[in-house]
Amino acid sequence: MNKRVKDVVDGIVSAVQRVLDEKEITESEYRTALHYLMKVAEQREIALLCDVFFNSTVVATKARLSSGSTPAIEGPYYREDAPFVVDRLKTYDTDAHKPLLIKGTVKAVDGSVAEGVTIDVWHSTPDGKYSGFHDGIPTDFYRGKLRVGRDGQFSVRTTMPVAYQIPSDGPTGALLETMGGHSWRPAHVHFKVKAPGYETLTTQYYFEGGDWVGDDCCNGVEPSLISPEKVEEGARVMNIDFVIEPALERSGANT
Ligand SMILES: [Fe+2]
């Protein structure tokens, strides 16, 4: 027996039972919900549906327990095999979007500079797609791994990402629409900061004043993740000082 699994599943079951009772769910509504969930499974949207409603809660819990920078949802478009890059991400020759300069520091919670730090950076193409996932776009576009210098500093140039819709033509999008919602995410840049001996920090940063920043369909925006409007020599600047924390001791999940 796994006590952790039992505790969690018991909690989920009683939470659902409470809602069924409070909302006086009918047999017909219950069958409609089952039919809907089967459609979600058939169309392989279980991860998408759960991410829309629950991932931000798991991340918020992590944030509450963390002494480092604010984490954020990873989303489905991270690629472990992204290439190392120096100075700039590869962008389309035709990309006329405003230049974006991302720069800052990575420090440990005690203010020291960690060794061997890398930062994965990835964001949307100008048409709201991700390389390595959509339209056969090669993985080295709009993503890359940066090596952080011994002084803890990093910088990389790219172009502005765009707001985009999560997949909206399946059962997840239909549910959001039925609830009067939408499937738009504000423009953002994803980061994954890794260093030996430290917790990996996965996060996203948004742009002050950007569309949907106040109404993200994935509920992923925290005030500390909104980069203030700043322009230097024609480039939008995203200045970030990441703080990473030492790797946590894990207790066994089976105890
Ligand atoms: Fe994204």
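Start by selecting Ile102 and everything around it: leaving aside neighbours within four places in sequence, Ile102 is in contact with Val121, Phe154, Ser155, Val156, Thr158, Val189, Phe191, Met238 and Ile240. Keep in mind as you click around that this is a predicted model.

Now widen the selection to the core. Ile102 is one of the residues that touch the most other members of the largest nonpolar core, which has 31 residues; the others in that group are Val106, Ile119, Phe191, Met238 and Phe242. Colour by strand and you'll see who contributes: E1 (99-108), E2, E4, E7, E8 and E11 (235-244) each give two or more residues to this core. There is also a second, separate core of 8 residues; to find it, pick Val59, Ile73, Ile166 and Leu176, which are among its members.

Back to one of the contacts of Ile102: select Thr158. Thr158 sits in strand E4, which covers residues 153-159. Is Thr158 buried or exposed? Its relative accessible area is 6%, so Thr158 counts as buried. Show side chains here, and look for the polar contact between the side chains of Thr158 and His123, at 2.8 Å. Beyond residues up to four places away in sequence, Thr158 touches Leu89, Thr91, Pro99, Leu100, Ile102, His123 and Tyr142.

Next stop, the metal. Which residues coordinate the iron ion? Select Tyr130 and Tyr164, which both donate through OH, then His188 and His190, which both donate through NE2; the distances run from 2.0 to 2.1 Å. Put some angle labels on the 4 donor atoms: the angles span 93 to 162 degrees, and the site is irregular. Along the sequence, the donor residues follow the spacing Y-x33-Y-x23-H-x1-H. Tyr130 is in the loop between strand E2 (118-123) and strand E3 (143-147), while His188 is in strand E7 (188-194), so this pair ties together parts 58 residues apart in sequence. Switch on a surface and check both ends of that pair: Tyr130 is buried at 0% relative accessibility, and His188 is buried at 1%.

Finish with cartoons on. Strand E7 also belongs to an open sheet of 5 strands, in the order E3-E2-E7-E8-E9, with mixed pairing. E3 and E9 (226-227) are the edge strands, each with a single partner, so one side of each has no neighbour in the sheet. Zoom in on the E9 end: E8 (residues 201-207) and E9 run parallel and are joined by 2 bridges. For a last click, select Phe207 and its bridge partner in E9, Ser227.

How values were computed: Residues numbered from 1 in each chain as written. Predicted model: local features only at pLDDT ≥ 70, side-chain atom pairs only at ≥ 80, totals over all residues. Heavy atoms only, no water. Donors = N, O, S within 2.8 Å, 3.2 Å for Na, K, Ca; no water. Tetrahedral: all angles 85-135°; square planar, octahedral: opposite > 155°, others 65-115°. Helix = DSSP H or I, 4+ residues; strand = E, 2+ residues; numbered from the N terminus. Buried < 20%, exposed > 50% of the residue type's maximum accessible area, 1.4 Å probe, protein only. Pairing = 2+ DSSP bridges. Polar contact = N/O pair within 3.5 Å; in protein donor to acceptor, adjacent residues only side chain to side chain. Contact = heavy atoms within 4.5 Å. Core = buried A, V, L, I, M, F, W, Y, C linked by side-chain atoms within 4.5 Å.
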